[in-house]
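Let's take a walk through a protein together, looking at how some of its side chains meet. Keep the sequence and the 3D view open as you read.

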Amino acid sequence: ETTFCCTAANVKSPSAYKCTKITLILLPHIKKPSSRRRRPGDCKDVTNEKIIHEHVGINLCYHTSSILYLHCVTDRGNPKPRITWRKDGSNLPKAVKLLNNGTSLLFQNTKIDLQAEVDGLPTVGGNYTCMAANPSGTVTASSVIIPIGEISQDIMNKHFIPLQEDLYK
């Protein structure tokens, strides 16, 4: 918000002075990762890191034993933008927590759920989109999150066909 004042004067009348406040409404802007540019579809491999902080806008492969924070930071926008998240166009899965008034996502103790994958149910992996909106419009940034982890033997037995030599033991 800025105040502009104007003074008008001439020789035949007293000078006039008027001020008014002007509020600029600015489109939000989402801060992008500072990592080097990658080709579309590339995945930044952070599977060896225990705690990961990344800005939305980069695809990530992370190990399910890690703690991943995905941040949506707006560095512009007036009035201050409202942040919302979607996963594959739908609500967030229960395993993903919102933090910092909705500006960050927390992926912790996540599991690879093969049964959900088979059944077509929501899983942690997918396309996460941050939306920053104010009266001037909405901007988005997305990251594909790919969880990588170990699968327990009981899940393996349930979902995978044993090797031929295992059948004759």
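To talk about aromatic clusters, we need a rule for when two rings belong together: rings of Phe, Tyr and Trp (its six-membered ring) pair if their centres lie within 6.5 Å. Keep in mind that you are looking at a predicted model. In this model, Y62, F107 and Y128 form one aromatic cluster.

How many aromatic pairs does the structure hold? There are two. One of them brings F107 together with Y128, with 5.1 Å from centre to centre and 80° between the planes of the rings. Planes over 60 degrees apart count as edge-to-face, and that is the label this pair receives. Now find the two residues along the chain: F107 sits in strand β11 (residues 104-107), while Y128 belongs to strand β12 (residues 126-134). The pair therefore links distant parts of the chain, 21 residues apart. Are these two rings buried or exposed? Both F107 and Y128 are buried.

Next, let's turn to the cysteines. A disulfide is a covalent bond between the sulfur atoms of two cysteines. Searching the whole structure turns up two disulfides.

Start with C5 and C19, whose sulfur atoms are 2.0 Å apart in their disulfide. The torsion about their S-S bond is about 110°, so this disulfide is right-handed. C5 is found in strand β1 (residues 2-10) and C19 in strand β2 (residues 13-22), so the bond ties together parts that lie 14 residues apart in sequence. C5 counts as partly exposed because its relative accessibility is 43%. C19 is partly exposed as well, with a relative accessible area of 33%.

The other disulfide joins C72 to C130, at 1.7 Å from S to S. Here the torsion about the S-S bond is about -60°, so the disulfide is left-handed. C72 lies in the loop between β7 (67-71) and β8 (74-78), and C130 lies in strand β12, so this pair ties together parts that are 58 residues apart in sequence. What about burial? With 1% relative accessibility, C72 counts as buried, and C130 is buried too, its relative accessible area being 0%.

One more cysteine deserves a look. C6 is in no disulfide, and the nearest cysteine sulfur, that of C5, is 8.8 Å away. Why does that leave C6 unpaired? A disulfide needs two cysteine sulfur atoms within 2.5 Å, and the sulfur nearest to C6 is 8.8 Å away.

Methods
Residues are numbered from 1 along each chain as its sequence is written. This is a predicted model: local features need pLDDT of at least 70, side-chain atom pairs count only at pLDDT 80 or more; totals for chains, interfaces and linings use all residues. Side-chain values use heavy atoms; hydrogens and water are left out. Rings of Phe, Tyr and Trp (its six-membered ring) pair if their centres lie within 6.5 Å; planes under 30 degrees apart count as stacked, over 60 as edge-to-face and the rest as tilted. Helices (H or I, at least four residues) and strands (E, at least two) are DSSP runs, numbered from the N terminus. Buried means under 20% relative accessible area, exposed over 50%, partly exposed in between (1.4 Å probe, protein chains only).
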